[in-house]
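User: Please take me through how to read the features of this model one at a time. For each one I would like the general idea before the particular case.

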Amino acid sequence: MDHFIYQNGRLHAEDVDLAEIARAVGTPFYVYSTATLTRHYKLFTEALSPLPHQVCFAIKSLSNIAVLKLLGDLGAGMDVVSGGEYRRALAAGVPGDRIVFSGVGKTREEMRLALTHGIRQFNVESEPELLALSAVAHAMGATAPITLRVNPDVDAKTHEKIATGKSENKFGIPIAKARAVYALAATLPGIKVVGVDVHIGSQLTDLAPFEAAFQKVAELTLQLRADGHEITRLDLGGGLGIPYTRSNEAPPLPTDYGAMVKRTLGHLNCEIEIEPGRLISGNSGLLVSEVIYVKEGEGRTFLILDAAMNDLVRPSMYGAHHDIVPLVESTGPGQDYDVVGPVCETGDTFAKGRALPALAPGDLVAFRSAGAYGAVMASEYNTRPLIPEVLVRGDQFAVIRARPSFDEILNRDSIPEWL
Ligand code: LLP
């Protein structure tokens, strides 16, 4: 459920007419609903209660500091994968002891940053990383709380580019080797083992792969305890999928997920951490764009928008589907369009043969489910400025990232004096 609904035939974000935002900030732009973000965050906390738990929002899905502050103020922790994301979490007022640091390639500098300002735990993904963290923490006279991210060799049954839990993927430590690496961790200065971490992929629409992975984590936890480690925390990663179409998709709900977590891990007396991104942010955001031209091709009609692959890359990168809807509700006859952007690549295609109401230049459309992996994956390809982000609450809206001017963009380049 989200809060983007037609009122009097005009698409609104909560109580704000999206056309009004378009007039104020220009198109294209991203818009997020505080009510939907809040609702989705709370679904997880309710689903995991009464188990002790911490929901750590995966910043990589939507990293605007205003959004992070909204979630942080509700009690969310943050899952970060870079020093930049860590800084965003701090800037949003989230205390270090609610930030977990994931990722296969943490640098020593990033480790020092997090140890200086506080960290809930590092999710360590390899033996070399463990040794580096030990050296960094020891040199600082600090102790780094860690989990090891294990790779359970489970097929997440999702798009190959976002599956992470098979042994051929670059992520985690093979679960069969985990006990040996935990034994090493226990001997290292500056390291304190606190738990186990797993994340098998993103946009999972079936609970079975999660359950298979969590069962392996449960077995490992018992073995590790028998080996003498104190395992108090299980980080289960993110990955729960969302419906991208209104019609036929019904991925499991956070309540189903929570029940399965309790069934597989509830007996272990651990604090449960999860790192959802998409389920919180995905359906909390839209990308709004204007039709520039309608072009008749050979047997097809191209709807040329002012948004492009650099603004929302998911369709060209993963062949992902995003519902596209007009801002003015239409019951008139429709037409099939190839929906494209102005970037000079055939890959700059959002949808082919998409049935839409008849549209004309100047009409506004919205891409649904664009809150996750939308703005964060945008680029300035073709020197197209990063588009603004807008946050709505009730009948109020505010620009939470402004569109840069062309001067700002051009002034980032410099010409060497010897040229
Ligand atoms: N934790 C870790 C360690 C992750 O790698 C990810 C996502 C998450 C949590 C959050 O997963 P989520 O709940 O959002 O599924 N750009 C792709 C998705 C990449 C996901 C990367 N890792 C897309 O647009 O579909």
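Analyst: A residue is called buried when its relative accessible area is under 20%, exposed when over 50%, and partly exposed in between, using a 1.4 Å probe and protein chains only. By that rule Arg384 is buried, with a relative accessible area of 15%. Please keep in mind that this is a predicted model, in which local features need pLDDT of at least 70 and side-chain atom pairs count only at pLDDT 80 or more, whereas totals for chains, interfaces and linings use all residues. Residues are numbered from 1 along each chain as its sequence is written, and side-chain values use heavy atoms, with hydrogens and water left out.

User: How should I read a salt bridge, and how many does the structure hold?

Analyst: The rule asks for a side-chain nitrogen of Lys or Arg within 4 Å of a carboxyl oxygen of Asp or Glu, and the structure holds 16 such pairs. One of them joins the side chains of Asp311 and Arg384 at 2.8 Å, N to O. That pair links distant parts of the chain, 73 residues apart, with Asp311 in the loop between strand 15 and helix 11 and Arg384 in the loop between strand 19 and strand 20. Salt bridges that share partners also join Arg120, Arg233, Glu271 and Glu273 into one network. (Helices, H or I of at least four residues, and strands, E of at least two, are DSSP runs numbered from the N terminus.)

User: What does Asp2 pair with in a salt bridge, and is Asp2 buried or exposed?

Analyst: Its partner is Arg368, at 3.8 Å from N to O. Asp2 lies in the segment before strand 1 and Arg368 in the loop between strand 19 and strand 20, so the pair ties together parts that are 366 residues apart in sequence. Asp2 is buried at 9% relative accessible area, and Arg368 is buried at 7%. Contact means heavy atoms within 4.5 Å; leaving out residues up to four places away in sequence, Asp2 touches Thr36, Arg246, Asn283 and Arg368.

User: How should I read a helix, and which residues of helix 8 are buried?

Analyst: The expected span is 1.5 Å times one less than the number of residues. For the 19 residues of helix 8 (208-226) this gives 27 Å, which agrees with the 27 Å between the end C-alpha atoms. Its buried residues are Pro209, Phe210, Ala213, Phe214, Val217, Ala218, Leu220, Thr221 and Leu224, and what covers them includes strand 9, helix 7, strand 11, strand 12 and helix 9. Leu222, also in helix 8, counts as partly exposed at 48%. Just after the helix, Gly228 takes a positive phi of about 100°.

User: Finally, how are the domains divided, and what area do they bury between them?

Analyst: Domain bounds come from an automatic or database domain assignment, which here gives domain 1 (4-31 + 282-410) and domain 2 (103-274). Their centres, taken over C-alpha atoms, are separated by 35 Å, and the contact takes 11 residues from domain 1 and 9 from domain 2. Buried area is the accessible area (1.4 Å probe) that two parts lose on being put together, summed over both; for these domains it is about 890 Å², 50% of it on carbon and sulfur atoms. On the domain 1 side, Asn283, Tyr318 and Asp323 lose the most area to domain 2, together 42% of what that side buries. The count of salt bridges between the two domains is 0.
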